[in-house]
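Please open the structure in your viewer and keep the sequence panel beside it, since this tour moves from one selection to the next. At each stop, select what is named, and then read what is there.

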Amino acid sequence: MTAADPGATRPAPPRAYRWLVLVAISLAMFGNYYVYDSISPMADVLKARLGFTDANIGLLQAIYSIPNIVMVLVGGFIVDRIGTRKATLAFGVICLAGAGVTALSGTLAVMAAGRLIFGLGAESLIVAVTTAIGRWFKGKELSFAFGINLTIARLGSFAALNSPSWAGWAYDDWRMPLVIAVGFATFCVTGAILYWVLEVRAAGKYALGAAGSTDKVVFGDIFRFSWSYWCIVALCVTFYSGIFPFQTFAVKFFIEAHGASRETGGFLSSMLTLSAMIFTPIFGLIVDRVGRRSLFMMCGSLLLIPVYLMMGYTSVSLYVPMAMMGMAFSLIPAIMWPSVAYVVEENRLGTAYGLMTLVQNVGLAGFNLLIGWANDAAGASAANPAGYRPGMLIFSTLGFSAVLFSWLLWRSETGPHAHGLETIKAG
């Protein structure tokens, strides 16, 4: 005769308690996102005060992605081995340490080392938070919980990009914006500690679910994915490589090429985040009802082609192309990430998402470096706004590539080997 499992007789955590846990752990993501986007609003300050080139600034963003090419392979394993509480706290501490090192010195080597350390913790923190949410929320609540988590996280990006408006005094020097980022990085640790306390208190009272799955790569599965999956991966890397490396230089570009103030430039860049917070769940609901997923992704990709040309070659109000980019940034991710679950078997989803994230980080690292080099080679500056045009052409080319891959996906999903991306609708 065996002893009964004491957890089997415990009640599920109260709804209010679970949402409190969600808010606590999302604070860690809030700090994470703020630190990541803290470089963009101060790019011109780094150039003016420290003599950084655009290639240097591109390196500060690219080096964040480089360790994640490897960490995506092991981050899920670490979470599984030490548990979500320890993993969230450990990765949160690494994020805080990285932000602190970045603010220590005005030398490129030290700043790059800080961004590298931050990158080591940031993506793995996201894996740990995602796993924790999967433990606390199930069924119909899960998607909404992830949506709330992402909304809180993106508030960090919105705060960072708009920091010239609420902390304009800090941009007289290169260090203060980074010190503010360190302050926000403390949320990575504070959120992790709150989550730890709440889960420990709940463990003795309530029945907690098993941890959610993590994105681990199983190399043998890579060769068994369908053509549709690889089209989605190619769309992912071209789409995000046209968005985030642009944001790296966006505020500097708005200031030097269009005469915008830093406050206006920061808000224009944050329009992408604001649009995603509002419209991503709406587009997700629409597509679930009507299907046509690859066709919608093609339409979103088409929006990207003219926006960079408009900003690089015309004097049209910047609000127009940024609004178009915001729609694309809301539409494509809302469809692209869930679409993987339609074209890949459930037991290989971890490998599929892990590989997709790996390739995405390769693209982000490469194009941050490429755009920085292109701006320097063309002499992009306030005295030479046309120097930004080669970079705009590169981004437009990525838009064309995204359209091509979404079209190939559409062809595949309207053919004999379709997986239902165009036809499956919510009941």
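A helix here is a DSSP run of H or I that is at least four residues long, and helices are numbered from the N terminus. Please also keep in mind throughout that this is a predicted model.

**Stop 1: confidence along the chain.** Colour the chain by pLDDT, for which the mean over the protein chain is 88, with 91% of its residues reaching 70 or more. Then select residues 1-5, where the pLDDT is below 50 and where the stretch has zero contacts in the model beyond near neighbours in sequence. Where pLDDT is low, the predicted coordinates should not be read in detail.

**Stop 2: arginine 293.** Select arginine 293, which belongs to helix 12, the run of residues 293-313. Is this arginine buried or exposed? Arginine 293 has a relative accessible area of 3%, and because buried means under 20%, it counts as buried. Now show the side chain of tyrosine 342 as well, since the side chains of arginine 293 and tyrosine 342 make a polar contact at 3.1 Å. If you leave out residues up to four places away in sequence, the residues that arginine 293 touches include Asp288, Ile335, Ser339, Gly420 and Glu422.

**Stop 3: the largest nonpolar core.** Which residues have the most contacts inside the largest nonpolar core? Select Tyr229, Phe246, Phe254, Tyr308 and Met325, which hold that place in a core of 118 residues. Next, highlight helix 10, residues 227-258, which supplies the largest share of this core with 15 residues. Then centre the view on methionine 325, whose contacts, not counting residues up to four places away in sequence, are Ile243, Phe246, Leu272, Leu304, Val307, Tyr308 and Met311.

**Stop 4: leucine 408.** Move to helix 15, residues 389-413, and select leucine 408 within it. Leucine 408 has a relative accessible area of 23%, and so it counts as partly exposed. With residues up to four places away in sequence set aside, leucine 408 touches Trp227 and Cys231. You can also draw a distance from the C-alpha of leucine 408 to that of valine 343, which should span 14 Å, although the two are 65 residues apart in sequence.

**Stop 5: salt bridges.** The count of salt bridges in the model comes to six. Begin with aspartate 44 and arginine 262, whose side chains meet in a salt bridge at 2.4 Å, N to O. Aspartate 44 lies in helix 2 (residues 43-50) and arginine 262 in helix 11 (residues 262-290), so this pair ties together parts that are 218 residues apart in sequence. Both aspartate 44 and arginine 262 are buried.

Stay with helix 2 and select lysine 47 together with glutamate 256 of helix 10, a pair that ties together parts 209 residues apart in sequence. The closest N and O atoms of this salt bridge are 3.5 Å apart. Lysine 47 is partly exposed at 28% relative accessibility, whereas glutamate 256 is buried, with a relative accessible area of 12%.

Finally, select glutamate 199 and arginine 85, whose side chains meet in a salt bridge at 3.2 Å, N to O. This pair links distant parts of the chain, with glutamate 199 in helix 9 (residues 175-203) and arginine 85 in helix 5 (residues 84-102). Glutamate 199 counts as buried at 1% relative accessibility, while arginine 85, at 27%, counts as partly exposed. To end, select Lys47, Asp54, Lys252 and Glu256 together, because salt bridges that share partners join these residues into one network.

Technical notes: Residues are numbered from 1 along each chain as its sequence is written. This is a predicted model: local features need pLDDT of at least 70, side-chain atom pairs count only at pLDDT 80 or more; totals for chains, interfaces and linings use all residues. Side-chain values use heavy atoms; hydrogens and water are left out. A nonpolar core is a set of buried Ala, Val, Leu, Ile, Met, Phe, Trp, Tyr and Cys residues joined through side-chain atoms within 4.5 Å. Buried means under 20% relative accessible area, exposed over 50%, partly exposed in between (1.4 Å probe, protein chains only). Helices (H or I, at least four residues) and strands (E, at least two) are DSSP runs, numbered from the N terminus. Contact means heavy atoms within 4.5 Å. A polar contact is a pair of N or O atoms within 3.5 Å; within protein, one must be able to donate a hydrogen and the other to accept it, and residues adjacent in sequence count only if both atoms are side-chain atoms. pLDDT is the predictor's confidence in each residue, from 0 to 100. A salt bridge is a side-chain nitrogen of Lys or Arg within 4 Å of a carboxyl oxygen of Asp or Glu.
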